Amino acid sequence: MGTRWIEVGDGFWNLRGSFRIGGMVDIRTHASLVRLANGKFLFLDAYTLDETAKREADDLIGEAGVAGILNLHPFHTIHVKPMHAQYPDAPLFGTARHVKKFPGLPWAAERSEDESLHRQFADDLEFSIPAGVDFISRNENVHFSSVLAYHKPSRTIHSDDTLMYLQMGPPLGWMGMADSVRFHMTLAQALERRAGAAADFRAWVQDLVSDWGEAQNLCTAHLANLLAAENRGAPVPARIEGALRGVEKVLAKHERRFG
């Protein structure tokens with residue numbers, strides 16, 4: 001059968017890919033495909049498409065063309081070159097780390113974290129970068145931050161490591177354990193070593209909940225998606241507020257040390 005695109009909402013598709021830790025545990029990864037108001041399509045993040053997924057994407061895109069491949073997580077790099085090879089004519093956007101890691105690729109001038117790039121796609125997407133944390137950490141194991149994207153027509157948030165959705169299947173689900181939206185476990189290491197960083201992070205989350213308060217779907221790179229059609233709990237914005245409460249001890253500890 002191959003990997004398949006999931007139609008999340010109006011003009012938004014998500015692909016659940018494989019990413020194995022130590023070759024054993026598959027924590028999944030993803031890419032999304034967005035139909036823009038101008039008729040073209042935009043990939044959010046890169047994934048090497050198998051025959052099925054490539055055919056489905058090409059059928060969706062048709063003659064409209066690809067407006068770009070937008071790599072949103074500085075440390076998600078495995079599929080950058082293969083996907084560029086699959087769509088060599090598509091403008092290629094990446095963070096400063098992508099450009100540094102693959103200097104031979106034909107990168108567009110704007111970086112994924114640049115407001116000038118965000119304005120290019122403002123008719124369809126809003127973007128947000130976490131405040132109070134390192135966007136590109138010096139510690140290669142700290143993958144907390146990314147550029148989050150919100151597709152307004154489908155009310156869908158696309159997030160890489162920053163937000164994660166833990167889906168409780170068997171046997172934990174049978175024991176009554178609830179599913180949950182959480183922030184990536186490396187928040188403590190990602191917070192900037194300065195006074196006010198924790199407060200800045202809280203304010204960013206609160207602004208996100210306010211600005212994207214109509215979100216109904218959350219597509220996350222790892223673990224699972226939280227989709228409106230399957231959501232039996234609180235709406236996405238309320239779950240993000242819950243995720244903030246879940247890291248309050250981390251933020252308070254940081255404030256005790258740095259202010």
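This briefing describes two sheets, the packing of several helices, and one pocket in the structure above. The model is a predicted one, and everything below should be read as a description of that prediction. One open sheet has six strands, while another open sheet is formed by four strands. Helix 6 packs with helix 8 and also with helix 7, and helix 7 in turn supplies residues to the lining of the second largest pocket.

**The six-stranded sheet**

- The six strands of this open sheet follow the order 1-2-5-6-7-8, and their pairing is mixed.
- Strand 1 (5-9) and strand 8 (92-93) stand at the edges with a single partner strand each, so one side of each is left without a neighbour in the sheet.
- Strand 1 and strand 2 (residues 12-17) run antiparallel and are joined by four bridges, and across this pair Ile6 stands opposite Asn14 in strand 2.
- Helix 1 (residues 51-61) lies across strand 1, strand 2, strand 5 (29-35), strand 6 (41-44) and strand 7 (66-70), and its direction makes an angle of about 145 degrees with strand 6.

**The four-stranded sheet**

- The order of the strands in this open sheet is 9-10-11-14, again with mixed pairing.
- Its edge strands are strand 9 (125-128) and strand 14 (217-220), each of which pairs on one side only.
- On average, neighbouring strands of this sheet are turned by 20 degrees against each other when direction is ignored.
- Strand 11 (residues 156-159) and strand 14 run parallel and are joined by four bridges, with Ile157 standing opposite Leu218 in strand 14.

**Helix 6 and its two partners**

- Two packed helices are described by the angle between their axes and the distance between the axes.
- Helix 6 (residues 197-211) packs with helix 8 (residues 248-258) at an angle of about 150 degrees, and their axes are 8 Å apart.
- Because angles over 145 degrees count as roughly antiparallel, helix 6 and helix 8 are roughly antiparallel to each other.
- On the helix 6 side this contact is made by Ala197, Ala198, Ala199, Phe201 and Arg202, and on the helix 8 side by Glu248, Leu251, Ala252, His254 and Glu255; by class, these are six nonpolar, one polar and three charged residues.
- Helix 6 also packs with helix 7, here at an angle of about 170 degrees and with axes 9 Å apart, and these two helices are therefore roughly antiparallel to each other.
- Phe201, Arg202, Val205, Gln206, Leu208 and Val209 of helix 6 make this contact with Pro237, Ile240, Glu241 and Leu244 of helix 7, and by class the residues divide into seven nonpolar, one polar and two charged.

**The second largest pocket**

- The second largest pocket has a volume of about 170 Å³, and 13 residues line it, of which Met164, Leu166, Arg182, Phe183 and Met185 lie nearest its centre.
- Strand 12 (163-166), strand 13 (180-183) and helix 7 (236-246) each supply at least two residues of this lining, and strand 13 gives the most, with four residues.
- Sorted by class, the lining of the second largest pocket has nine nonpolar, three polar and one charged residues.

Note on methods:
Residues are numbered from 1 along each chain as its sequence is written. This is a predicted model: local features need pLDDT of at least 70, side-chain atom pairs count only at pLDDT 80 or more; totals for chains, interfaces and linings use all residues. Side-chain values use heavy atoms; hydrogens and water are left out. Two strands pair if DSSP finds at least two bridges between them. Contact means heavy atoms within 4.5 Å. Axes are lines fitted to C-alpha atoms, for helices over the stretch in contact, and angles run from 0 to 180 degrees between N-to-C directions. Angles under 35 degrees count as roughly parallel, over 145 as roughly antiparallel, 65 to 115 as roughly perpendicular and the rest as oblique. Ala, Val, Leu, Ile, Met, Phe, Trp, Tyr, Cys and Pro count as nonpolar, Asp, Glu, Lys and Arg as charged, and the others, Gly among them, as polar. On a 1 Å grid over the protein atoms alone, a cavity is a set of points where a 1.4 Å probe fits but cannot get out, and a pocket is an open set with protein on both sides within 12 Å along at least five of seven lines; lining residues have an atom within 4 Å of a point. Grid points are joined across faces, edges and corners, and a volume is the space filled by probe spheres set on the points.
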